[in-house]
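Here are my notes on the structure you sent, set out as numbered points. They begin with the overall make-up of the chain and then turn to its aromatic side chains.

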Amino acid sequence: MTIEDISIILLAVHQAVGSPISSIPKHLFAAAVDRCSSSVLIDDYHTDYCLFSEYLDDHVSKKDNNFYDETGKLTISPGYYFFRDSGRWIYAHKLRSSSEGGSLEGGKLYSETIFFRSIFGNLDPVFEAVKYKKETKLDQTICITNSAYDWLQVYRNKRSLSSIFIPQEQLSEIINVIESFRGNEAWYASLGIPYRLGILLEGPPGSGKSSIIKAIASTFDLSINRIILSDKDFKDGELEQFINKCDKNESVYIIEDVDRAFGPNTGVTMSGLLNAIDGISSPDGFLFIMTTNYVEKLDPALIRKGRIDKIFHIGF
């Protein structure tokens, strides 16, 4: 807890209870707060981040503290907030910061965090509200998209396997490959094989490759983490951060139309992409799917065994 956090909480509690507690030494007050309260820190790569953000939006007036996020939604500005919910005083600190210490306008990836603390109580009202919000979205899949400036989270309707019109044998094979991967971490470890699975869906435009990915995410209840390489300010370091921070067991990472991913405005290098998906720092549990209309245009290094484990031709 920072001195600034302590000062804000001290002032807020003083205003709430009307007692002259501001005279208490800050280090003693901080120790008391830590002993008698609960806290949680939510980063924007967390799959429930947008739900915690919605909860804060619900409890803080947007009249004087707001801005439009990347989806065009009016949301709470970064800052300190203090409010009451279900009889508990809750302190919240929404922070937006640059990952490289530069200005937010300087073309560097920034991140958001929300810190909640219940003053002398638990955070059950927060978690119960987020749980309720999540239950209302059980028929939806969360999509997380990278950019050089932010990670965008949106919900999209789920897609059932029955709505996918490719041969049933092929669809079953794709699902079986992923099921086998997700249930065999110990087998990978016993052989010393990196616990990762790479899949390439190749075929003509409009054959249903993206729909298959949506159905996979819906079937396994995974978020879809879209990697967009066309942003010149999204570079190798940001890609590695994006891949390593999200929950691998609850995500499928995708690059669509990878044959067109690299161009004059691409910030990520081929070397950076290869290291991110199959390098020393690549995470375990990594499920990665690429699509292409022209498999013959792909660099052989990108689709060699160990990076891409299965290639499926999706036709009409």
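1. The protein chain holds 9 helices and 13 strands, and it should be kept in mind throughout that this is a predicted model. Of the 316 residues in the protein chain, 47% are buried.

2. As for how the chain contacts itself, 70% of the contacts in the protein chain with a separation of 6 or more are made by residues 24 or more positions apart. The accessible surface of the protein chain is about 15,500 Å², and carbon and sulfur atoms account for 52% of that surface.

3. Searching the whole structure gives 14 aromatic pairs. One of them joins Trp-187 and Tyr-188, whose ring centres lie 5.3 Å apart with 90° between the planes, an edge-to-face arrangement. Trp-187 has a relative accessible area of 46% and is therefore classed as partly exposed, whereas Tyr-188, at 12% relative accessibility, falls under the 20% cut-off and so counts as buried.

4. Tyr-188 also pairs with Tyr-195, with the ring centres 5.1 Å apart and the planes at 65°; because that angle is over 60 degrees, this pair is edge-to-face. Both Tyr-188 and Tyr-195 are buried.

5. Elsewhere in the sequence, a single aromatic cluster is formed by Phe-52, Tyr-55, Phe-83, Phe-116 and Phe-127.

6. A ring also takes part in a contact of another kind, since the charged end of Lys-297 sits over the ring of Tyr-294, at 4.4 Å from the centre of that ring.

Conventions:
Residues numbered from 1 in each chain as written. Predicted model: local features only at pLDDT ≥ 70, side-chain atom pairs only at ≥ 80, totals over all residues. Heavy atoms only, no water. Phe/Tyr/Trp six-rings, centres within 6.5 Å; stacked < 30°, edge-to-face > 60°. Buried < 20%, exposed > 50% of the residue type's maximum accessible area, 1.4 Å probe, protein only. Lys NZ or Arg CZ within 6 Å of the ring centre and 35° of its normal. Helix = DSSP H or I, 4+ residues; strand = E, 2+ residues; numbered from the N terminus. Contact = heavy atoms within 4.5 Å. Areas by Shrake-Rupley, 256 points an atom, 1.4 Å probe, with all protein chains shown as cover.
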